[in-house]
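Grab a coffee and work through these short exercises with the structure open beside you. Try each task before reading its solution.

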Amino acid sequence: MDPLLLGGLVALVTILVLFSGVSVAMGLLIVSAGFLIVFDGMRSLELMPEILFGKLDNFALLSIPMFIIMGASIASTRAGADLYEALERWLTRVPGGLVISNLGACALFAAMSGSSPATCAAIGKMGIPEMRKRGYPDGVAAGSIAAGGTLGILIPPSVTMIVYGIATETSIGRLFLAGVFPGLMLVMLFMAWSLYSTWKSGDTGVLSQRSYSWREKFEILPRVLPFLAIIIGVLYAMYGGVATPSETAAVGALLCLVIAVVIYKLWHPRALWVVLRDSTKESVMILFIIAAAGVFSYMLSSLFITQSIAEWIGTLDVNRWVLMGAINVFLLIAGFFLPPVAVILMAAPILLPIITTAGFDPIWFAVVLTINMEIGLISPPVGLNLYVINGIAPDISLKTILLGSLPFVACMVLGIVLLCLFPGIATWLPNAVMGGAI
């Protein structure tokens, strides 16, 4: 069978298997084993165990469970509420300070936890009722939290970026740095839309109300500064040459657990067990997907599907930006139905030779891919963040939440366009800190 036709058949079968409800990892293994048996015979399965476990034989993978523990220990405390309250106290006199506080709290908490649903739940439980009480439109209140929660997979430290780095053998340090300015750019775009939408609603009185004394502003800082210090310390250790990403992640996880115990009294063994149990479940899920995706990539390469697609793309007489537009559409559609980790592990090995042949920077592309995955988190039919918001604010209809999040989707699309026009937004910082692109 022609490799391109076979690739289309693999894509169709993979979609059908994943839509059947089977887990992503098992689905990839089933598809890989099935096509290898049909086209290479039973002997081809002898390599599957070696590939499966060999894919996990990577020291960099240790950073994934460590960063997950770091985020879980934060998400299990009142850190989100304290972070929100601290920003509210300091920004309340700024026009639109409350919505800015919510988005700022989402960005910081997302950076600490790396989990979009956890960010939506932690900040939304306090932020949404407070914004509605002060007269902010329901769409702005719900949409801003849903969109702000997606920042966790872009702003470092990001598990999604680690997975991309492992899948494409790209520097994780560069990927982390590449997400800084695009993440801040999205925060600014989100804030700009939220303030405009609030102003357009006509009730300008909600833009600035309550004031706090200096004593009230400073007394909240000891609860949040240690977490911010850990983030800064982790990034400094990583880029200052002090330790590897895996080592810094381990130290960060330990320090977050210590702070959760000391500051938030998370000393009960049962509470600590929940943190470790949930972290283990999520880590095993991601690592299993990584291992299964390794087998899936081997199957594609063994059947010459990856090479044929890359060669076919190279023969197309189209502008490279038309090609990038088609890739973005594909990523958007995939992100609507699959979690970011699964999309990256399935698509990155195929797309990387295509984008490098077309002259695109793989570090820059990682940021574009991640923003596409962010859009999927607040877009139906899956749109995980939409359902989290609906769960914590059930009196706001899902339709209102969806309509409120659509302008933020537009902000993300605008962010992708700006990255295409000014790629230095993503590539300047990595090159400035770590030298020219490698």
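## Exercise 1: Placing an alanine

Task: Decide whether alanine 111 is buried or exposed.

Solution. Alanine 111 has a relative accessibility of 5%. The cut-off for buried is under 20%, so alanine 111 counts as buried. Keep in mind that you are looking at a predicted model. Next, find the residue in the fold: alanine 111 sits in helix α6, which covers residues 97-113. Then look at its surroundings. Setting aside neighbours within four places in sequence, alanine 111 is in contact with Ile155, Pro156, Pro157 and Ile231. Finally, try a distance: alanine 111 and isoleucine 259 are 148 residues apart in sequence, and their C-alpha atoms are 17 Å apart in space.

## Exercise 2: A helix and its buried residues

Task: Find out which residues of α13 are buried, and compare the reach of this helix with the expected span.

Solution. Start with the length. Helix α13 runs over residues 221-239 and has 19 residues. From first C-alpha to last, α13 reaches 27 Å, close to the 27 Å expected at 1.5 Å a residue. Now pick out the buried positions: they are Leu221, Val224, Phe227, Ile230, Ile231, Val234, Ala237 and Met238. One of them, Ile231, you have met already as a contact of alanine 111.

## Exercise 3: Into the core

Task: How many residues does the largest nonpolar core have, and which have the most contacts inside it?

Solution. The largest nonpolar core has 143 residues, and Ile64 and Phe365 are those with the most contacts inside it. Helix α18, residues 340-357, gives the largest share of this core, with 13 residues. To see the packing around one of the two, centre your view on isoleucine 64. Not counting residues up to four places away in sequence, isoleucine 64 touches Val159, Ile162, Val163, Ile166, Ile286, Leu287 and Ile290.

Now turn to threonine 14, which belongs to helix α1 (residues 3-19). Its relative accessibility is 3%, so threonine 14 counts as buried. Beyond neighbours within four places in sequence, threonine 14 is in contact with Leu28, Val31, Phe296 and Met346.

## Exercise 4: Following the charges

Task: Work out which residues are linked in a network of salt bridges.

Solution. Begin with the total: the count comes to four salt bridges. Take arginine 132, which forms a salt bridge with aspartate 138, their closest N and O atoms being 3.0 Å apart. Arginine 132 also pairs with aspartate 395, where the closest N and O atoms are 2.8 Å apart. This pair links distant parts of the chain, 263 residues apart: aspartate 395 is in the loop between α20 (384-392) and α21 (398-421), while arginine 132 is in helix α7 (residues 116-133). Put the two pairs together, and Arg132, Asp138 and Asp395 are linked in a network.

Then check accessibility. Arginine 132 is partly exposed at 27%, and aspartate 138 is partly exposed at 30%. Aspartate 395, at 56%, counts as exposed.

For a separate pair, look at arginine 277 and aspartate 278, whose closest N and O atoms are 3.2 Å apart in their salt bridge. Arginine 277 is partly exposed at 33%, and aspartate 278 is partly exposed at 35%.

## Exercise 5: Backbone and surface

Task: Find what phi glutamate 169 has, and then which residues form a nonpolar patch on the surface.

Solution. Most residues other than glycine have a negative phi. Glutamate 169 has a positive phi of about 55 degrees although it is not a glycine. Glutamate 169 lies in the loop between α9 (159-168) and α10 (172-178), and is exposed at 76% relative accessible area. Another positive phi, about 60 degrees, belongs to phenylalanine 304 just after α15. Helix α15 itself covers residues 269-302, has 34 residues, and reaches 49 Å, close to the 50 Å expected.

For the patch, select Leu4, Trp312, Leu316, Val318 and Val322, which together have about 420 Å² of accessible area. Within this patch, leucine 316 lies in the loop between α16 (305-315) and α17 (320-337). Patch residues need over 30% relative accessible area. Leucine 316 is partly exposed, with a relative accessible area of 32%.

Notes
Residues numbered from 1 in each chain as written. Predicted model: local features only at pLDDT ≥ 70, side-chain atom pairs only at ≥ 80, totals over all residues. Heavy atoms only, no water. Patch = residues over 30% accessible without salt bridge, like charges linked within 9 Å, V, L, I, M, F, W, Y side chains within 5 Å. Areas by Shrake-Rupley, 256 points an atom, 1.4 Å probe, with all protein chains shown as cover. Salt bridge = Lys/Arg side-chain N within 4 Å of Asp/Glu carboxyl O. Helix = DSSP H or I, 4+ residues; strand = E, 2+ residues; numbered from the N terminus. Buried < 20%, exposed > 50% of the residue type's maximum accessible area, 1.4 Å probe, protein only. Core = buried A, V, L, I, M, F, W, Y, C linked by side-chain atoms within 4.5 Å. Contact = heavy atoms within 4.5 Å. Expected span 1.5 Å × (residues − 1).
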